[in-house]
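This report introduces a structure to a reader who meets it for the first time. Please consult the sequence and the 3D view while reading.

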Amino acid sequence: MNDWVTEFRNDPRHSGIFLDFDGTISDIAPSPRGAVLHPRAADLLPRLARHYPLCVLSGRRVADVASLVGLPHIHYVGVHGMEWLEGDEPRLDPEVLPYLPALDRARAEIREILPGLPGVILEDKMASLTLHFREAPHSEEQVVHLGESLALRLGLGLKRGRKSVEIRPPVEIDKGTVIIRLSRGWKLRRGLFAGDDLTDVDGFRGLRYLMREGGFEGVAVAVLSGETPVELEAVADLSVRGPEGLLELLSRLAVD
Ligand SMILES: [Mg+2]
C-alpha cells in the first residue's frame, strides 16, 4: 500500500485525486443544507491542489459544491457528472437537455405529493431531482415507489443513494465516466477516488476501466461510516474511517 503513495508523490502532475464531498470531505449532516467542509480538508486540499490535478465530484449542483468547498484550483463537477463549471458558469451536459421537459413534469408531480410526506426533502438539481428520506425513514418505501413510477412513466432513470432516490435522465453519465474523461484529458497515469455512498461505486468502476485499458493505476478508497453500503466496501482497494481517516491518508500525499 505504501508503493502507491510513493508513486503519487514522485509524479504528482500525472496523479489525479478525485473526491466525493458529503460524508467524504464533510461529515454527514441531517439535511443537505447542513454540510460543511471538514476543517482539515480546508487546510490540506489547497496544498494538494498545488501539485496534483484535484477534482471534487458530487451529486450536488456544481455551484453548491463549489461554494461549500470554496477553494480555488480545484475542478468542480456536480450532479454526478451532468454539470460542471466553465469559469464561474455552471454548464449542463448537452446529453441531458432533451430530458428537461420530463424533469419539469416530475418536479410538478413531486411538489403536489410532497406535503403528504412530512420530513421528505426534495433537492432540485435541475438536471435531476433527489428525494431525501433521512429524516423520514418510515417513508422510504413510499418514496422509492414514487421515484420508480415517475421514472417509468416519464422515460427517466432512477438511482438509489443511501437515504435518497434520484430521478435523472437515462444517460450514461456518472462519476465513473467523469473520472475516465478527466483522466484521459489530464493524461493521468494513476488516480485515487474516495467516496462513501452507492453512487461512488461508479467512480471505482471508472478507475477499473482505465486500469483494464492499461498504463493506469487506480486506488479506490471507501470512506466508512455506520451507514456504509456493503457494495462500496466490497469493491474498494482500501477503507478509511470517516472523513478524518481519509484526510489522514491524503496528508501522506502532501509534497510540501
Ligand atoms: Mg457522499
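Is His-73 buried or exposed? The model discussed here is a predicted one. In it, His-73 has a relative accessible area of 67% and is therefore exposed, since the cut-off for that class is over 50%. His-73 is placed in the loop between α3 (62–69) and β3 (75–78).

**Backbone at two histidines**

Most residues other than glycine have a negative phi. His-73 has a positive phi, near 60°, and is not a glycine. His-80 likewise shows a positive phi, about 55°, without being a glycine. The location of His-80 is the loop between β3 and β4 (83–86). With a relative accessibility of 6%, His-80 counts as buried.

**The magnesium site**

Which residues coordinate the magnesium ion? The ion is bound by Asp-20 (OD), Asp-22 (O) and Asp-196 (OD), at 2.1 to 2.2 Å. Along the chain, these donors follow the spacing D-x1-D-x173-D. Asp-20 is buried, at 5% relative accessible area, whereas Asp-22 is partly exposed, at 22%.

**A residue of helix α3**

Val-62 belongs to helix α3 and is buried, with a relative accessibility of 0%. Leaving aside residues up to four places away in sequence, Val-62 touches Tyr-76, Val-77, Gly-78, Glu-83, Trp-84, Leu-85 and Pro-90. Between Val-62 and Tyr-76, which are 14 residues apart along the chain, the C-alpha separation is 6.3 Å.

The accessibility of the residues discussed so far is set out below.

| Residue | Relative accessible area | Class |
|---|---|---|
| Asp-20 | 5% | buried |
| Asp-22 | 22% | partly exposed |
| Val-62 | 0% | buried |
| His-73 | 67% | exposed |
| His-80 | 6% | buried |

**The packing of α6 and α7**

Two packed helices are described by the angle between their axes and the distance between the axes. For helix α6 (residues 175–185) and helix α7 (residues 200–213), the angle is about 40° and the axes are 6 Å apart. This angle makes α6 oblique to α7, because angles under 35 degrees would count as roughly parallel. The crossing of the two helices, α6 and α7, is right-handed. On the α6 side, the contact is formed by Lys-175, Gly-176, Ile-179, Ile-180, Ser-183 and Arg-184. Helix α7 contributes Asp-200, Asp-202, Gly-203, Gly-206, Leu-207, Tyr-209, Leu-210 and Glu-213. By character, the residues in this contact between α6 and α7 comprise 5 nonpolar, 4 polar and 5 charged.

Terms used
Residues are numbered from 1 along each chain as its sequence is written. This is a predicted model: local features need pLDDT of at least 70, side-chain atom pairs count only at pLDDT 80 or more; totals for chains, interfaces and linings use all residues. Side-chain values use heavy atoms; hydrogens and water are left out. Axes are lines fitted to C-alpha atoms, for helices over the stretch in contact, and angles run from 0 to 180 degrees between N-to-C directions. Helices (H or I, at least four residues) and strands (E, at least two) are DSSP runs, numbered from the N terminus. Angles under 35 degrees count as roughly parallel, over 145 as roughly antiparallel, 65 to 115 as roughly perpendicular and the rest as oblique. A crossing is left-handed if the near helix is turned anticlockwise from the far one by less than a right angle, and right-handed if clockwise. Contact means heavy atoms within 4.5 Å. Ala, Val, Leu, Ile, Met, Phe, Trp, Tyr, Cys and Pro count as nonpolar, Asp, Glu, Lys and Arg as charged, and the others, Gly among them, as polar. Donors are N, O and S atoms within 2.8 Å of the metal (3.2 Å for Na, K and Ca); water is not among the atoms, so sites may look incomplete. Buried means under 20% relative accessible area, exposed over 50%, partly exposed in between (1.4 Å probe, protein chains only).
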